[in-house]
Amino acid sequence: MAADNSTTAMQTDSRDWADRWRHINKILDRRGPFCDNSFREGYENTLLPQCKVLVIGAGGLGCEILKNLALSGFKDIHVIDMDTIDVSNLNRQFLFRPSDVGRPKAIVAAEFVKNRVAGVVVTPYHGKIQDKDDDYYKQFQIVICGLDSVEARRWMNATIVNLSQELGEAIPIIDGGTEGFKGQARVIIPTVTSCYECSLDMLNKPTTFPICTIANTPRLPEHCIEWAYVLEWPKVFKNEKLDTDDPKHIQWVFEAALERARQFKIAGITYSLTQGVVKNIIPAIASTNAIIAAACCNEAFKIATTSAPYLDNYMMYTGNEGVYTYTFQHQKKPDCPVCGENSVNVDVNKNWTVEEFIEWLKEKPDAQLKKPSLMTADNKKIYLQAPPILERSTRPNLEKKLSSLIEDGDTIIVTDSTLPFSLQLVVSLI
Amino acid sequence: MLKIWSIKKDNAQAEKKKPKVSAAQIRVQKDLTELELPSTMEMSFPDESDLLNFNLSIEPDEGFYKGGVFRFTFNINNNYPHEPPKVRGIQKIYHPNIDLDGNVCLNILREDWKPVLNLNSVIVGLQYLFLEPNAEDPLHKDAAEDLRTNRKSFEYNVKQSMRGRDVKGNYYDNVMAKN
Amino acid sequence: MEWRTLSFYRFKSIPEKDLSQLREKMLSDFGNMNIVGRIYIATEGVNAQMSCPKENIGWLREYCDNILDLGNVDFNFATEHAKAFGALHVRIRKQIVADGLESGSYDITKQPNHLTPEEWHQALSSKPQLVIDMRNHYESEIGYFEGAICPDVDTFRESVKVMEEVCEGKQDQEVYMYCTGGIRCSKAGAMLLSAGFKSVNVLKGGITAYGRLWAATGQAALESSNVCLVNGNATGIGFFTVVDGRLVTGADIGNNFFLTLEALGQPRAAKVTEYLQELNEDVKGSFLVEDPINLIETSPDYFLQFSLVIATELPEKPLLRLAEILWDSAVPLVVVRSTGFIGYFRILKPEHTIVETHPENIVDLRLDKPIPGLEAYAQTFDFEGMDNMDHGHIPYVVILIKYLNQWKKEHNGELPKGTQERNLFKEAILSGKRNSDEENFDEAIASIWKACTPTQVPSKVQVILNDLLCDNITVESSNFWIIARAVREFVANEGLGLLPLSGRLPDMKAYTQSYVDLQNIYRQKARQDVAAVQARVDKILSSLGRSSDSISHEEIESFCKNAAFIEVIRYRSLQEEYINDPKKEDISRWIRDSEDSIAYYVLFRAIDRFYETFQRYPDGATLPDAGDDAGDGNDDEQSVFVYEFNPLRKIVTSLLEEWGIDDSGLDIDDYVHEVCRSGGSELPNMAALLGGLVSQEIIKLITHQYIPLNNSCIFDGIKASSRTYVL
């Protein structure tokens, strides 16, 4: 990313007024003792004037993040969110008003911030992160995630890490998350620091109960609620999936659980407990969101300006007993399926059959493979060693030329019991 | 100025787009291709291009359930292995740990699932259920009670049920192997 | 389909000739959008109650704003969202709310005060004379506000009659009224005002809005709190008052999301109040445009009306004065400051007591001293005679009691002591396990350590029970200390040396029946303990001449349940910290730890001294030639800035000297340098972060739930880490 020196400096922006950036400029115009060597004084020497930053999520964290970024001097902010505003969002998500109920969060949040902070462009996208492709994501210099779903974060992380590898330049991800009084903010520099996938085993496991307990020996109200939605719902509604956002569905689960609890003389079923168990969420607290969002934006600001070193790489926060933070370096997992060093360029004779290629792999001393299974990165099977049914159906490929199954430059994903995870071969056919 | 983190390029031909493959996908490839299926089990894929959804059949060669073929569906979502695979029986069978709707009471499918476990662990667990049904933590209470109080009667009822006959007023699916 | 049920109304003049056309239009437009409900239109306006598919709410909003031109009418959403109507009806009426009065007999534009749910709550807590429920009897039977007059009527027309009777001749009294959605009160209020009543107050949005707010929060204390922000602009809860004498500058607007250029030059207090209210329209705010330093000097008592004061940007002397005034009246004070990437805040309050500390686990099983009924219940389990299933479902509490009894029999009534004995005990339990699947035995083994630890009053709680305030119960004593005293007496008497039982049983492998049985045994004992403590509280209250219902049963119950985890925090005063008893030794130790952040505390204190001398904060200037009293803070780099490093560094040295800390060899220059660089700037992210941290602590202080910070916190935004100190 090259600096565009013709970009208008912060002080001369026609929409600016005297002193607008007085606070920030104290930090940007002067070098501090903890600054990175690459720091150059002046707003125009930072990335702020031309940085495109992407915010994922316009909910509790997202609203705070958008506001903070705009006030911090970011000019070109994009936001993605697939939800529309519900009444229940109004108390925490302060960019929304009762009259916005039913409208897309991303669009309303973008409008609000644009109207409030002069000179900021906020571009919303109302839809799924998966709708967008690499061409979209590669325009950004920083990505901030304010999500509450593990799955969406894994997708976002994998997408940005892969993209960074392809571009040969890391797009930093700043990830924030909160659960009640607890939260975390972290900085992910793809392939340099640990990534979201590396830390997957740090996640709290959602509470579940043995299915025989919920079926036969319920003791807690939670057991009755799980009975209602795990066992009874599919029985009564067959193919209709339970929608955890639909109050009528929750109401049904609540009533079924209440009845069961009555039978077993178990007290304590409430509507909100039902909601909590079914959605498996700990309610968000506005102040935790404010803290974590601000911590994330502070990192974005430091990264874009090099005015202070950025977080390396994880801050945990707990607020139920005093104020507690723990800042540490989370270690990269060498065999991480997303950011691990598992990609190798290989030159392959274009006349080789798949079988010859596999033999060559097995003899390759630095690979140490015994029974490699091969698939292309777009999910086409080349040869799989097991299970038998897949082995049989891919066996005919062994005699085919590799060049008839893949194209020059394609990636092959190799798994083998000797590999901790997988090996990605980028094949040049010669 | 922004610090640039230059990293090793994945591919000289960067303009060629690398199709995205999710960590869950790769993990399933690894799990599947390292499966050691005993001869008593068989897998099938309704759609061979989709490795995340498949069927497994178990034909126990000893124990109460010898002679039957028991079919299960496996559904794996993109949050694997953070979340366990969803496993469900597709026949109505008489088993202490499987209810009439096909729910399976196996600890590693719910409360004891960990990402370090894999499809092999689940399959081994399922097989064990047919060799050693657990009567002490029942899901199908009648079947469990039967097994606890009178193994002979249980054995007889299992055989009846496997042939599609009625046991205590409930008709079960005929699951006998066709050979 | 997911539905939203809502109501709205608007008094708006509609020509009579247009009504039927409007009706047709509504029927067709709402029908197309699958909206059902009951809509009245009249020459005086529109009144609608409807269920709308969730995805069409956006359309409805547009339609009301732009097609019906209802002027951004408030949608009043119900708390429950089911499809509440079967079909769509649009009816043309004489009036949108039938009052039975001649049109023109009163002036609808005379609108009563619409109180927000908080204001309403506050107003009703002073128990006004005239509170009228304007709903029908079948509505008020569901529930009504305490002290409200609920006419036994079927229609609004009759309500109006009753209202007129009740209010007759009381034109000078304050009238409060409420209904379901607010529309009936808009009318009824207008009637009273037209009839010469001086003050008519109605609940804005009606019961619907009130329910929405209160069902979700239950934080009565929080929302009736009255917070004062001195120079502040970061946070807002309940009722607040902003005291600030300055005018809005360009830099303020740059840093504040809710300030726009139009605010430039206006009083900060007014503008900040405005935007805090925008943030949450249910919060009530007021402001005072006055220099707080001046106010502290001239009328310090002003600050005693608040339940909490937050002070930012106050120099040392007025801060000390304010802290002293508030301390003497036990009003909590939170001091907040930031410069650049560094934030600091400090809580001051003479004493803070907490019952609901929300510990992770309040289970207290008392296996070493089984509660009444537990032994006998355990006896009913015949371990040997059980089949495998029953054996695998014996609750682990019962398993432990059985094996502990056996052990005690063999060891002179003593519990297993030390690792070796516990291992032996573990083996005894293991020997009873029939197969590896018996999770109940595993649970028993996991609880051996707890079971073998004698139950006693935790020493931390003992200290509280032995406190002087617990000795000397007077009419001044707070509820906390009265209950604590009762608990102390309980421990010494019927409690047999132990606290009241929490009554909480953790989940364990067991049949439903045996779990419920056990739960009942624990709960019954807990209830008995609460009753015993209640009796003692009553006695104390009567000796003080207070009525026995002045402490609620729930409060006593909660105290008993949490008795092992109660907390009392006695903060150090600012006087102690700054003058009488600075934490010299601790600071001297912390400051030598290069990972610590205490150096920033020293710097904040030094900044205050700097301010006293120079009447500004340490900063730098673009002077190419360094003057005599300013040094170049950075020797290695050629810097165009000259920081006021030396004068600030000198102050740091003298401060440390006062505390007896020798600063030679201390690595503190970088911190001084960074503070000069930031020059008192407030970075938006740091302000938001501190705002979040501070509001979290304020919520804890006001609700007396969870454990607040004791007493100072530094957040270092460079390292992204916080440290807390008792200073």
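This report walks through the nonpolar cores, the domains of chain C and a contact between chains in a predicted model.

## Nonpolar cores

A good place to begin is the largest nonpolar core, which has 289 residues. Inside this core, the residues with the most contacts are Val53(A), Leu66(A), Ala109(A), Ile144(A) and Ala300(A). Its largest share comes from helix H10 of chain A (residues 286–305), which gives 13 residues. There is also a second, separate core of 55 residues, and Ile371(C), Ala378(C), Tyr396(C) and Val491(C) are among them.

For a closer look, try Ile144(A). Leaving aside residues up to four places away in sequence, Ile144(A) touches Val53(A), Val55(A), Ile56(A), Ile65(A), Ile174(A), Cys296(A) and Ala300(A).

## Domains of chain C

Chain C is divided into domain 1 (3–92), domain 2 (113–216), domain 3 (374–452), domain 4 (459–569) and domain 5 (574–685). Taken over C-alpha atoms, the centres of domain 3 and domain 4 of chain C are separated by 30 Å. Where these two domains of chain C touch, domain 3 gives nine residues and domain 4 gives nine residues.

On the domain 3 side of this contact in chain C, helix H13 (374–379), helix H15 (396–410) and helix H17 (439–446) each supply at least two residues. The largest share of that side, three residues, comes from H17(C). By class, the domain 3 side has five nonpolar, two polar and two charged residues.

## Where chains B and C meet

Chain C also touches chain B, with five residues from chain C and four residues from chain B in the contact. On the chain C side, the residues divide into one nonpolar, two polar and two charged.

Notes. Residues numbered from 1 in each chain as written. Chains lettered and ligands numbered in written order. Predicted model: local features only at pLDDT ≥ 70, side-chain atom pairs only at ≥ 80, totals over all residues. Contact = placed C-beta atoms within 7 Å. Nonpolar A, V, L, I, M, F, W, Y, C, P; charged D, E, K, R; others polar. Core = buried A, V, L, I, M, F, W, Y, C linked by C-beta atoms within 7 Å. Buried ≥ 20, exposed ≤ 12 C-beta atoms within 10 Å, placed from the backbone. Helix = DSSP H or I, 4+ residues; strand = E, 2+ residues; numbered from the N terminus. Domains from an automatic or database assignment.
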